[in-house]
Amino acid sequence: MSNDEAEDTYDGPSRSQLRRDAAAIFKLAESLAALTDAQLSRVPLDDDLRAEVRRTRAIHQPIARKRETQYLAKLMRRMEAEEIDAIRVVLDIDRQQSYRESAQLHQLEALRDRLIAKGDSALEEVLVEHPNADRQHLRNLIRQANVEAKKQKPPKASRELFRTLREMQGQAS
């Protein structure tokens, strides 16, 4: 066998690549262990693996949790690549949904703050988008939020205004 033939043979992935793959599976196992039951139910897992995820989630001591997560990752490494890709797709969709929900909440917070700062002029913009909204109730909440802010009281009206805006957005969707 010459040197050219020895160089052409492929022995599989390098040890470094295997380590990177194992680390990626470990992170995936950590992500699974961080899911709620509702989120976990959407992930395509067999019953044994789902039970192992729940067992891992139930452990709270850091060292024991890491050990259990490593065991979960070991079980996941035995899975087919297509199954792991399906899990990643579902987790990515959940992550994107979470980002969208966070962005919507930040927009509502900004709207609430603008309503409190600008008052009736900002309220008119909101009423154009939501003509069925209760103008008097919103105006009252804005005034109460301003009074609470000036007196440095807890922002009860501001929270109520946020809830009302969120309900209005939910009705519009």
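So, pLDDT is the predictor's confidence in each residue, on a scale from 0 to 100. I start there since what we have on screen is a predicted model. Over the chain, the average pLDDT is 87, and 94% of the residues score at least 70. Where is confidence lowest, and where is it highest? The low end is helix 1, residues 3–8, with a mean of 58. The high end is helix 5, residues 62–77, at 94.

Okay, on to helix 2. That one runs over residues 15–33, so 19 residues by definition of the run. From first C-alpha to last, helix 2 reaches 27 Å, close to the 27 Å expected at 1.5 Å a residue. Which of its residues are buried? In helix 2 those are Ile-25, Phe-26, Leu-28, Ala-29, Leu-32 and Ala-33. They sit on the same side of helix 2, because the arc they cover around the axis is only 160 degrees. Flip to the face turned away from that buried side and you find Arg-19 and Lys-27, both exposed. And what do the buried residues of helix 2 pack against? Four partners here: helix 3 (37–41), helix 4 (47–58), helix 5 and helix 6 (81–118).

Let's follow helix 6 along to helix 7, residues 120–129. Helix 6 and helix 7 pack with their axes 6 Å apart, at an angle of about 135 degrees. That angle is why helix 6 counts as oblique to helix 7. If you want to click through the contacts, helix 6 brings Leu-111, Arg-114, Leu-115 and Lys-118. On the helix 7 side they meet Asp-120, Ser-121, Ala-122, Leu-123, Glu-125 and Val-126.

Keep Val-126 in mind, please. Over in helix 9, residues 156–172, there's Met-168. Buried or exposed? Met-168 is buried, because its relative accessible area is 9% and the cut-off for buried is under 20%. Leaving out neighbours within four places in sequence, Met-168 contacts Val-126, His-130, Ala-133 and Leu-138. Asp-11 is another story: 157 residues away along the chain from Met-168, with 61 Å between the two C-alpha atoms.

Leu-138 takes us to helix 8, where it is one of the buried residues. The others in that list are Arg-139, Leu-141, Ile-142, Ala-145 and Glu-148. Helix 8 covers residues 135–150, which is 16 residues, and reaches 23 Å end to end by C-alpha, close to the 22 Å expected. One last thing to look at: just after helix 8, Gln-152 has a positive phi, about 55 degrees.

Note on methods:
Residues are numbered from 1 along each chain as its sequence is written. This is a predicted model: local features need pLDDT of at least 70, side-chain atom pairs count only at pLDDT 80 or more; totals for chains, interfaces and linings use all residues. Side-chain values use heavy atoms; hydrogens and water are left out. Helices (H or I, at least four residues) and strands (E, at least two) are DSSP runs, numbered from the N terminus. The expected span of a helix is 1.5 Å times one less than its number of residues. Buried means under 20% relative accessible area, exposed over 50%, partly exposed in between (1.4 Å probe, protein chains only). The arc is that of the directions from the helix axis to the C-beta atoms. Contact means heavy atoms within 4.5 Å. Axes are lines fitted to C-alpha atoms, for helices over the stretch in contact, and angles run from 0 to 180 degrees between N-to-C directions. Angles under 35 degrees count as roughly parallel, over 145 as roughly antiparallel, 65 to 115 as roughly perpendicular and the rest as oblique.
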